[in-house]
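Visitor: I would like to learn how to read helix packing and sheet order. Could you take me through an example?

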Amino acid sequence: MKKIFLVMSIFLFIAGCEKQNTSTENDLTELSAKSKSAKVDVCHNGKIININGNAVSAHQRHGDAVDMDGDGLFDIDNDCSATDCDDNDAGDCDNEQGTAELLVGTWTPTDINIKASVGAQSVPDYLVNEVGLSPEDTAAQYELLQDEFETQITEELIFNADNTYSSYFNGAYDYGRWSLSADEKILTLFEGPIPDIIIIAINSISEDTWDATTGGDFLRDLDNNPATIKVLVSVEGNVIFMKD
């Protein structure tokens with residue numbers, strides 16, 4: 001597989017659209033009736049539970065988010081989904097684009113911030129404490145490592161409305177398909193004919209900016225000594241993309 005997002009599984013979170021309080025008196029009456037007669041999903045302590053409608057008010061009083069319209073999105077800020085723009089309507093919010101619509105287009109990385117660690121130590125601390133490098137040599141070695149990982153980031157991602165995509169790296173394109181989870185937090189890329197699967201969680205996305213956090217583990221020779229064993233380096237990074 002060609003390089004894309006450091007060829008790592010990516011774990012991010014998407015920020016939901018701002019809730020809009022557009023309920024009319026009739027809407028509230030209908031929701032009240034529904035809450036007493038139907039099962040309702042509730043985000044409770046970061047987990048989705050399904051409760052009787054007559055227990056909704058009690059959960060709301062201590063801050064739980066609810067999904068009254070059954071679209072998988074909860075009505076207030078929560079740990080289970082993006083925030084629903086209108087929990088009275090399972091359709092798209094007026095004048096709001098969903099994540100799928102926002103993704104379509106060409107994205108270019110503009111800001112990359114990468115950190116690396118070995119076990120509980122940052123790579124600089126590991127190089128000083130375990131390898132015995134000087135602070136000056138450590139800084140130079142760590143900068144080289146960061147630069148190497150940054151050069152593996154895809155140069156361009158193009159998402160199409162038919163759920164196909166392409167990634168451009170080092171003069172060549174790779175192709176695949178993409179899909180979103182029901183809560184639109186997780187983007188999955190299926191790259192190649194025998195697909196490599198790349199998982200992407202989205203920190204936030206707008207019409208022109210996409211914020212992603214990457215992570216993965218690699219065996220690396222940090223001291224450039226063939227006689228020593230390679231160590232497992234955990235890489236974590238933040239990538240900001242801009243839409244062309």
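Guide: Start with a helix pair. This is a predicted model. Here α4 and α5 are oblique to each other.

Visitor: What angle do α4 and α5 pack at, and how far apart are their axes?

Guide: The angle is about 140°, and the axes lie 9 Å apart. Angles over 145 degrees count as roughly antiparallel, and 65 to 115 as roughly perpendicular; the rest outside the parallel range are oblique. That is why α4 and α5 are called oblique. Helix α4 covers residues 123–131, and helix α5 covers residues 135–150.

Visitor: Is the crossing of α4 and α5 left-handed or right-handed?

Guide: The crossing is right-handed.

Visitor: Which residues meet where α4 packs on α5?

Guide: From α4, take V123, P124, L127 and V128. They meet T138, Q141, Y142 and L145 of α5. Sorted by class, this contact has 6 nonpolar and 2 polar residues, with no charged ones.

Visitor: Now the sheet. In what order do the strands run?

Guide: Read across the sheet, not along the chain. The order is β2-β1-β3, in an open sheet of 3 strands with antiparallel pairing.

Visitor: Which are the edge strands?

Guide: Look for strands that pair on one side only. Those are β2 (47–52) and β3 (65–67). From one strand to the next, the twist averages 35°.

Visitor: How many bridges join β1 to β3?

Guide: There are 3, and the two strands run antiparallel. Strand β1 spans residues 39–44. To fix the register, pick one pair: V42 has V66 in β3 as its bridge partner.

Technical notes: Residues are numbered from 1 along each chain as its sequence is written. This is a predicted model: local features need pLDDT of at least 70, side-chain atom pairs count only at pLDDT 80 or more; totals for chains, interfaces and linings use all residues. Side-chain values use heavy atoms; hydrogens and water are left out. Axes are lines fitted to C-alpha atoms, for helices over the stretch in contact, and angles run from 0 to 180 degrees between N-to-C directions. Helices (H or I, at least four residues) and strands (E, at least two) are DSSP runs, numbered from the N terminus. Angles under 35 degrees count as roughly parallel, over 145 as roughly antiparallel, 65 to 115 as roughly perpendicular and the rest as oblique. A crossing is left-handed if the near helix is turned anticlockwise from the far one by less than a right angle, and right-handed if clockwise. Contact means heavy atoms within 4.5 Å. Ala, Val, Leu, Ile, Met, Phe, Trp, Tyr, Cys and Pro count as nonpolar, Asp, Glu, Lys and Arg as charged, and the others, Gly among them, as polar. Two strands pair if DSSP finds at least two bridges between them.
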